[in-house]
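User: Hi! I'm new to reading protein models, so could you walk me through this one?

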Amino acid sequence: MRPIIDAWSRSIHCCARWLILQVHWPIQQSSADIHGNALMYKLVQVLSKTPGTPLEQPLINVLSRSSVDHMSDVVFFIQLYLMDHFHVGPYRRDRDDAVVAAVKALAFLYECNAQRVDRAEDEVFIHEELLGKLVIKDEYRVWKRVLAYGEGRPSALTLARVQQRRSHSDNGNMVVEDVLQDQQRRSRLFMTTNLTSILLPYPFVNSYQFSWLSYPFLLSAAVKRKVLLMDCMGSMSREYEHACVNHTLLAQAQRLLAGTQLAHMDHTHMKSAICPYLLLEIRRLHFVQDTWHQVSQKWADLKKPLKIKFVDGGEEGVDQGGVQKEFFAVLFEHLLAKQTGLFGLLTDDGEPSRLYWFRATPDPDIHGYEMLGVLLGLAIYNGVLLQLAFPRVLWQLLLQPDIRSLDELPLSMDDLRQAWPQLAQGLDALLAYDGDDVENVFCRNYERTIACFEHENDATSTMTVPLIEGGQWIAVTNANRQQYVADYARHVMLAQHRDAILALRRGLWCVLGCSALTLLTPSELERIACGWALGQHSVDLDMAELEAITEYDDGYHADHPVIRDFWSIVHVDMTAEQKHKLLLFVTASDRIPVGGLKELTFVIQRNGPDSDRLPTALTCFARLLLPEYASRDKLRDRLITSIENSKGFGLV
């Protein structure tokens, strides 16, 4: 026992020594330049192995007493250490590998930070340069392996489990690695054409299994969005392939049964099984009803790639991506409307808000909320950005993996304050009152009065509900006001609409329930679903990012004079509002995905020689059709005219 204690003591000494010395070193230095790199190695090792040991709580106490800047500096130095020692698997030294140990050390620091009163921002743990070194597809495949078999070297029991999954091929000689390769091949990303991309980055047998995706606090929202879409595309791929197999089997059966009575059987019931898409045929005059009905009838097809076809309303719209945007935009505009009765604009102590919240009704439409959750899941699943404004707490509730987690979720006054600031201010005043006569001054009982919406006559009435049993007879006093405020806030955010929230969550998880969803925080789920808004309250656009990812077609290239003039006009001449309108004109969306403009598709295509025609756009393909104008002034005039006089659908 003594040698173990001595080893820990030496490690603690190294840790303490490093903490003292780092204060005197400029933060800009690379960890490789710091005298005694072994000191950093010791620190990383001790932090990575501290959880679960007697040293854990004392070290947490020490770190919790340090300043926020001090904690941020420790994290930063470990990130520098990771940069200097970065490599991808295999990790031959197991837990002692520099990368594995450093990531686990950051995980321990993250847990320490979560227990601090004055927490460092979560963004401190995200290092974009480090993330840029990762091959996300490879990390995703290893992560799936870690989820299935656990982190670390596979045990004999794990290997036995894998052996049981051997393929029943004729020769029966497929080894474990072949089985895993086959599993990866069957779940390859939808529409992947590069066969080498399906290979596992390093072997399963005799290799330490480790993935960065198991540590989501290190990942940016943009990376998590890619992982979520990979999960969704993998599900689409499997459903697509199953439908194609079913179609082939049905065709073979029809050939075999040709000339028999069975050949004339009605196969309409097989239509869904052999269709590789979730195809919704929508009449524009019956938008919500058709969507409701068809989604209900095609429940088994929800994880197939979505295709929308507008029929019986003028020109048919065949889905190439842009129709999906229009479909979801119009659909959620209808679903959030007051007439639907599911949501209404939130009122905060009588003050109007821009946020939507559940309508208080005696008989909530549970099926309606569940269907809305399904449609929300379908939009995220298919990568369509929505224009939604819900309180942050709703996204937090939707992320809970089960009912028990939702019911036990701690809700704070900060959650209430984000959407109901006036109400929170009133409850804070109750808590802050320093007299001993709360009962006489505030004259409250342990209950809550709420406005209730009546579907039948579109009228609003009020009703009073006790927050605890017999609450209408219990006065709020100095003794129970803390619990009263907590119960009141919880009733506003959860208890009053619990059935509707459960239905909405159930619908979302029916489509989107996957491992990647567990990586997200509430704010990240909101940003992935809604992106960043273009317009008055949006972030500034980095058009250089858009220029860097733009592709060119039909004779245009980055050095073409028209293209140079185009970007000169965008960067120099256009106002912020005109830049927003340009994106809306080409993409038909007023949202920017998480990760910024570099996540968009943007193509500029030559549309004939110089002419007086205005530029147009194929919004389904985010393609700007630009004639080869003779001068910069003419290009500027034509381009500005187009974007200023378009609602976004500049179709040819």
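Analyst: Happy to; below we go through the overall make-up, the aromatic rings, a pair of helices and a few single residues.

Analyst: This is a predicted model, where local features need pLDDT of at least 70, side-chain atom pairs count only at pLDDT 80 or more, and totals for chains, interfaces and linings use all residues. Residues are numbered from 1 along each chain as its sequence is written, and side-chain values use heavy atoms, with hydrogens and water left out.

User: Cool. How many helices and strands does the chain have?

Analyst: The chain has 26 helices and 13 strands. Both are DSSP runs numbered from the N terminus: helices are H or I with at least four residues, strands are E with at least two.

User: And what share of the residues is buried?

Analyst: Of the 652 residues in the chain, 46% are buried. Buried means under 20% relative accessible area, exposed means over 50%, and partly exposed is in between, using a 1.4 Å probe and protein chains only.

User: What about contacts between residues at least 6 apart in sequence: what percentage join residues at least 24 apart?

Analyst: For the chain that figure is 73%. A contact means heavy atoms within 4.5 Å.

User: New topic. How many aromatic pairs are there?

Analyst: The structure holds 25 aromatic pairs. Rings of Phe, Tyr and Trp (its six-membered ring) pair if their centres lie within 6.5 Å; planes under 30 degrees apart count as stacked, over 60 as edge-to-face and the rest as tilted. One of the pairs is Tyr 110 with Phe 125, 5.2 Å centre to centre with 85° between the planes, which is edge-to-face.

User: Where do Tyr 110 and Phe 125 lie?

Analyst: Tyr 110 is in helix H5 (residues 98-114), while Phe 125 is in the loop between H5 and helix H6 (128-132), so the pair ties together parts that are 15 residues apart in sequence. Both Tyr 110 and Phe 125 are buried.

User: Why do Tyr 433 and Phe 442 count as edge-to-face?

Analyst: Their planes are at 80° and their ring centres 5.6 Å apart, so the pair is edge-to-face. Tyr 433 is partly exposed at 24% relative accessible area, and Phe 442 is partly exposed at 26%.

User: Which residues do ring pairs link into a cluster?

Analyst: That cluster is made of Phe 343, Trp 357, Phe 358, Tyr 369, Phe 390, Trp 395 and Trp 420.

User: Which ring does the charged end of Arg 284 sit over?

Analyst: The ring of Phe 310, with the charged end 4.2 Å from its centre. A charge sits over a ring if NZ of Lys or CZ of Arg is within 6 Å of the ring centre and within 35 degrees of the ring normal. Arg 448 likewise lies over the face of Tyr 488, at 5.7 Å from the ring centre.

User: Let's switch to helices. How do the axes of H24 and H25 cross?

Analyst: Helix H24 (residues 561-573) and helix H25 (residues 576-587) have axes that come within 9 Å and cross at roughly 135°. Axes are lines fitted to C-alpha atoms, for helices over the stretch in contact, and angles run from 0 to 180 degrees between N-to-C directions. That makes H24 oblique to H25. Angles under 35 degrees count as roughly parallel, over 145 as roughly antiparallel, 65 to 115 as roughly perpendicular and the rest as oblique.

User: Which residues meet there?

Analyst: From H24, Phe 566, Val 570, His 571 and Asp 573 meet Gln 578, Lys 579 and Leu 582 of H25.

User: Is Ile 569, also in H24, buried or exposed?

Analyst: Ile 569 counts as buried, at 0% relative accessibility. Leaving aside neighbours within four places in sequence, Ile 569 is in contact with Met 574, Arg 632, Leu 635 and Arg 636.

User: Last one: what can you tell me about Cys 232?

Analyst: Cys 232 is in helix H10 (residues 221-256), and at 2% relative accessibility it counts as buried. Its C-alpha atom is separated by 9.3 Å from that of Val 511, although Cys 232 and Val 511 are 279 residues apart along the chain. Leaving aside neighbours within four places in sequence, Cys 232 is in contact with Tyr 381 and Leu 512.
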